[in-house]
Every structure is written in structure tokens, then in C-alpha cells.
Amino acid sequence: MKTLDKALQCLKIVKERKAVNPILFEVHNLTSITDYFLIASGNSSRQVQAITRHLNRRMREEGFRAYGIEGEQEGQWVLMDYGDVVIHVFYGPVREYY
């Protein structure tokens, strides 16, 4: 799977759990860390957790495992690292702050 296809698949998956205002950024010309950032929000910490758990499960079904997931327990700001795609899922007020 090409990197763009992987990023678009992540976007589709977060939309399945009604992620708020998901935005996909192509950043490979700006950083060597990753090729795409996906930023989305949830209306509650529980929704943030649901989005990230769903994304993690569906990506495993597609054959991809996250290199790391941070912040899922709190549900305020979750970072999911899939190498060439990095996903940030924020609780709405936290996203507004940052």
C-alpha cells in the first residue's frame, strides 16, 4: 500500500467513529519524521478513546501495527505513530488550546 493510500485509509477509519474536523497534512517536504499528519478531534475523552481503539483495530486488520500509541488512557490527546503516517486525536478543547 502506498503511503498516501495508507493515510487516506486512516482518514476513512477515523470518520467511521464520527471524528470531528479531521485534517490530513502532507509534510514529507517539511520533516524527515513522517510523510503525513492526520489531526482529528472527539467531543469527549471517551470518543477520543473510541476513535483511537477503532483505528488501531482496523489498521491491524489491514496489516499495520502502530510503532507507538501515547495518551490513550487519558483520552485528551492521543498520538498514534504508523511510521509514514502520524495521527493526533484530540479532545476538542485540547485541540483548540494547541
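**Notebook: burial, contacts and packing**

I began with serine 45, which comes out as partly exposed, with a relative accessible area of 25%. The cut-offs for this are under 20% for buried, over 50% for exposed and partly exposed in between, with a 1.4 Å probe and protein chains only. The model is predicted, so I note that local features need pLDDT of at least 70 and side-chain atom pairs count only at pLDDT 80 or more, while totals for chains, interfaces and linings use all residues. Residues are numbered from 1 along each chain as its sequence is written, and side-chain values use heavy atoms, with hydrogens and water left out.

**Serine 45, continued**

I placed serine 45 in helix 2. Helices (H or I, at least four residues) and strands (E, at least two) are DSSP runs, numbered from the N terminus. I then listed what serine 45 contacts (heavy atoms within 4.5 Å). With neighbours within four places in sequence left aside, the partners of serine 45 are Glu74, Gly75, Gln76 and Tyr91. I also took the C-alpha separation of serine 45 and tryptophan 77, which is 8.7 Å for two residues 32 apart along the chain.

**Core**

Next I looked up the largest nonpolar core, meaning buried Ala, Val, Leu, Ile, Met, Phe, Trp, Tyr and Cys residues joined through side-chain atoms within 4.5 Å. This core has 20 residues, and those with the most contacts inside it are Cys10, Val14, Leu55, Met59, Tyr82, Val85 and Ile87. Two or more residues each come from helix 1 (3-16), strand 2 (36-42), helix 2 (45-61), strand 4 (77-81) and strand 5 (85-91). Helix 1 gives the most, five residues.

From that list I picked valine 85. Apart from neighbours within four places in sequence, valine 85 is in contact with Thr3, Lys6, Ala7, Cys10, Thr34, Tyr36 and Met80.

**Methionine 80**

I followed the contact to methionine 80, which sits in strand 4. Its relative accessible area is 0%, so methionine 80 is buried. Not counting residues up to four places away in sequence, I found methionine 80 touching Thr52, Leu55, Asn56, Gly68, Ile69, Val85, Val86 and Ile87. Methionine 80 and tyrosine 91 lie 15 Å apart, C-alpha to C-alpha, and eleven residues apart in sequence.

**Glycine 68**

Glycine 68 appears in the list for methionine 80, so I checked where glycine 68 lies: strand 3 (residues 68-70). Beyond neighbours within four places in sequence, glycine 68 is in contact with Leu79, Met80 and Asp81. The C-alpha atoms of glycine 68 and aspartate 81 are 5.3 Å from each other, with their positions 13 residues apart along the chain.

**Helix 1 against helix 2**

I took the packing angle of helix 1 and helix 2, which is about 135°, with the axes 9 Å apart. Axes are lines fitted to C-alpha atoms, for helices over the stretch in contact, and angles run from 0 to 180 degrees between N-to-C directions. Helix 1 and helix 2 are therefore oblique to each other; under 35 degrees counts as roughly parallel, over 145 as roughly antiparallel, 65 to 115 as roughly perpendicular and the rest as oblique. On the side of helix 1, I listed Lys6, Gln9, Cys10, Ile13, Val14 and Glu16 in the contact, and on the side of helix 2, Ile51, His54, Leu55, Arg58 and Met59.

**Positive phi**

I looked up two residues other than glycine with positive phi. Lysine 18 has phi near 60° and lies in the loop between helix 1 and strand 1 (20-26). With 64% relative accessibility, lysine 18 counts as exposed. Asparagine 21 has phi near 50° and belongs to strand 1. With 49% relative accessibility, asparagine 21 counts as partly exposed.

**Isoleucine 39**

Asparagine 21 led me to isoleucine 39, a residue of strand 2. Residues up to four places away in sequence aside, isoleucine 39 touches Asn21, Pro22, Ile23, Phe25, His88, Phe90 and Arg95. I also noted that isoleucine 39 and lysine 12 are 13 Å apart, C-alpha to C-alpha, and 27 residues apart in sequence.
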